[in-house]
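Student: I've got a model open on my screen and I'd like to talk it through. Can we go step by step?

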Amino acid sequence: MEQKNLKLPVIFFIVGLVVGFLIGYYLVGKNLGFQTTDTKQLEDLVALTFPKPPEDLRTVVGTITKIDGSKIELSIGDPEDYLPHSDGSPQRTISRVAVVNQSTEMYVLRPTQIDKNGNISRETLKLSDLKTSETVTVTAAENVRKASQFNAILIEKVEF
């Protein structure tokens, strides 16, 4: 008789442990790095749709906020804030300074004007041709992710 009285509490105890483990895995396991297949697939899809910018970032697109002599201050998208915001707010921006020197190549590109070989029009640009609020693409010799100022080797402005 005493064995029957012990079996029922032991069964409830084991069932309680299993249920507690499953609930704990579901609630806490996610925070410890455990992932379900669905979560992993969703993360892979997001990474494919919105790839993380490279750690070695040498080309940026930005809006000119100031031109001071041979220095062009740009407002660029923060590479750490590359995913779309669920509230619809814009990407954070950061400021970078591109230094123009004699070896910097500068061009204005006009994709609506195509030559007989199928190349878009590309004309030399002078620093004095640039204005604030224009958007340019700047390429540097060094990584611009952390550098607040860098030497520009190529500046391109697109005109339609």
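Tutor: Sure, and let's start with a term: accessible areas here come from the Shrake-Rupley method with a 1.4 Å probe, and for residues only the protein chains shown count as cover. This is a predicted model, where local features need pLDDT of at least 70, side-chain atom pairs count only at pLDDT 80 or more, and totals for chains, interfaces and linings use all residues. Residues are numbered from 1 along each chain as its sequence is written, and side-chain values use heavy atoms, with hydrogens and water left out.

Student: What share of the area that the protein chain exposes do carbon and sulfur atoms supply?

Tutor: The protein chain exposes about 11,600 Å². Of that, the carbon and sulfur share is 59%.

Student: What is the radius of gyration of the protein chain?

Tutor: Take the radius over C-alpha atoms, and use the globule rule of 2.2 Å times the number of residues to the power 0.38. A compact globule of 160 residues would come out near 15 Å. The C-alpha trace here spans about 100 × 40 × 30 Å along its principal axes. The radius of gyration of the protein chain is 28 Å.

Student: In what pattern do the helices and strands follow along the sequence?

Tutor: Both are DSSP runs numbered from the N terminus: helices are H or I with at least four residues, strands are E with at least two. The chain has 2 helices and 7 strands. Read along the sequence, that gives α-α-β-β-β-β-β-β-β.

Student: Which residue stands opposite isoleucine 64 in strand 2?

Tutor: Two strands pair if DSSP finds at least two bridges between them. Strand 1 (residues 59-68) and strand 2 (residues 71-77) run antiparallel, joined by 6 bridges. They form a hairpin with 2 residues between them, and glycine 69 in the turn has a positive phi of about 65°. Opposite isoleucine 64 stands leucine 74.

Student: And which residue of strand 3 stands opposite lysine 71?

Tutor: Strand 2 also pairs with strand 3 (residues 93-99), in the antiparallel sense over 7 bridges. Opposite lysine 71 you'll find valine 99.

Student: In which sense do strand 4 and strand 7 pair?

Tutor: Look at strand 4 (residues 105-114) with strand 5 (residues 120-124) for starters: that pairing is antiparallel over 5 bridges, with arginine 110 opposite serine 121. Now take strand 4 with strand 7 (residues 149-158), where there are 5 bridges and tyrosine 107 has glutamate 156 as its bridge partner. The sense of that pairing is parallel.

Student: Which residue takes a positive phi in the hairpin of strand 4 and strand 5?

Tutor: This hairpin has 5 residues between its strands. Isoleucine 114 of strand 4 has isoleucine 120 of strand 5 as its bridge partner. The residue with a phi near 90° is glycine 118.

Student: Is serine 133 buried or exposed?

Tutor: Its place is in the loop between strand 5 and strand 6 (135-140). Most residues other than glycine have a negative phi, yet serine 133 has a positive one, near 75°. For burial, the cut-offs are under 20% relative accessible area for buried, over 50% for exposed, and partly exposed in between (1.4 Å probe, protein chains only). Because its relative accessibility is 58%, serine 133 counts as exposed.

Student: And why does phenylalanine 150 count as buried?

Tutor: Phenylalanine 150 lies in strand 7. Not counting residues up to four places away in sequence, it touches several residues, including Val97, Val99, Val138 and Val144, where contact means heavy atoms within 4.5 Å. Phenylalanine 150 counts as buried because its relative accessibility is 2%.

Student: How many Å apart are isoleucine 23 and arginine 110, C-alpha to C-alpha?

Tutor: Isoleucine 23 lies in helix 1 (residues 2-27) and is partly exposed, with a relative accessible area of 47%. In sequence, isoleucine 23 and arginine 110 are 87 residues apart. In space, the separation is 60 Å.
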